[in-house]
Amino acid sequence: MRESIIQLSRAITSNENKGDKKYDRMSVIYQGIFSQGRGIERLIAAIQKEKLELQNYDFYFAGSGELRELVERASELPNVFYLGWLSSKELKVATPSMHIG
């Protein structure tokens with residue numbers, strides 16, 4: 001998985017249209033504890049409900065917690081990715097390549 005973080009970062013960065021700053025896809029990352037009260041359930045429900053409107057967004061979840069199984073199930077969607085728990089070094093690689101998060 002650790003090598004996939006570097007590949008993820010490169011893939012997202014290469015997706016950018018540097019000329020006019022328009023992007024084919026937007027990358028969103030949630031990093032931290034998967035627990036009640038952090039809005040994860042609402043975010044995943046919105047992703048599931050608004051599939052067409054959010055088809056140009058990729059959602060990455062890095063972390064763990066009581067809602068991990070919910071995130072793992074959501075990763076069955078084509079634009080949701082569960083990265084597991086990342087070290088601070090790995091987050092420093094993954095986070096700057098995201099558009100939101």
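Select Ile-33 to begin, and you will find that it stands opposite Ser-64 in strand E4. A strand (E, at least two residues) or a helix (H or I, at least four residues) is here a DSSP run, and both kinds are numbered from the N terminus. What you have open is a predicted model, in which local features need pLDDT of at least 70 and side-chain atom pairs count only at pLDDT 80 or more, while totals for chains, interfaces and linings use all residues. Residues are numbered from 1 along each chain as its sequence is written, and side-chain values use heavy atoms, with hydrogens and water left out.

**The whole chain**

Before going further, show the whole chain as a cartoon, in which 4 helices and 5 strands can be found. If you follow the sequence from its start, the pattern reads α-β-β-β-α-β-α-β-α. Of the 101 residues in the chain, 33% are buried, where buried means under 20% relative accessible area, exposed means over 50%, and partly exposed lies in between (1.4 Å probe, protein chains only).

**The sheet**

Now select E3, E4 and E5, which in the order E3-E4-E5 form an open sheet of 3 strands with parallel pairing. E3 and strand E5 (80-84) are at the edges and have a single partner strand each, so one side of each is left without a neighbour in the sheet. From one strand to the next, the twist averages 20 degrees. Two strands count as paired if DSSP finds at least two bridges between them; E3 and E4 are joined by 8 bridges, and E4 and E5 by 4. On the E5 side, select Ala-62 and look across to Gly-84, which stands opposite.

**The crossovers**

How does the chain get from E4 to E5? It crosses through H3, in a β-α-β crossover that is right-handed, and E3, H2 and E4 likewise make a right-handed β-α-β unit. To check the hand yourself, turn the strands to point away from you; the crossover is right-handed if the path from the first strand over the helix to the second then runs clockwise. Next select H2, which lies across E3, E4 and E5 and runs at about 150 degrees to E4; the axes behind this angle are lines fitted to C-alpha atoms, for helices over the stretch in contact, and angles run from 0 to 180 degrees between N-to-C directions.

**The nonpolar cores**

A nonpolar core is a set of buried Ala, Val, Leu, Ile, Met, Phe, Trp, Tyr and Cys residues joined through side-chain atoms within 4.5 Å. The largest one here has 14 residues, and those with the most contacts inside it are Phe-34, Ile-40, Ile-47, Phe-59, Phe-61 and Val-80. At least two of its residues come from each of strand E3 (26-33), helix H2 (40-49), strand E4 (57-64) and helix H3 (68-74), and H2 gives the most, with 3 residues. Another core, of 6 residues, lies apart from it and includes Ile-29, Ala-62, Leu-83 and Leu-86. Return to Phe-59 and display what it touches (contact means heavy atoms within 4.5 Å): not counting residues up to four places away in sequence, these are Val-28, Leu-43, Ile-47, Leu-54, Asn-79, Val-80 and Phe-81.

**Three residues to end on**

Select Gln-36 in the loop between E3 and H2. Is Gln-36 buried or exposed? With a relative accessibility of 53%, Gln-36 counts as exposed. Measure from its C-alpha to that of Leu-67, and you should find 7.5 Å, although the two are 31 residues apart in sequence.

Move on to Tyr-82 in strand E5, which is partly exposed at a relative accessible area of 24%. A polar atom of the Tyr-82 side chain lies 3.4 Å from the backbone oxygen of Gly-63. Such a polar contact is a pair of N or O atoms within 3.5 Å; within protein, one must be able to donate a hydrogen and the other to accept it, and residues adjacent in sequence count only if both atoms are side-chain atoms.

Finally, go to Ser-97, in the segment after helix H4 (88-94). Ser-97 is buried, with a relative accessible area of 6%, and its side chain reaches the backbone oxygen of Ala-94 at 2.7 Å.
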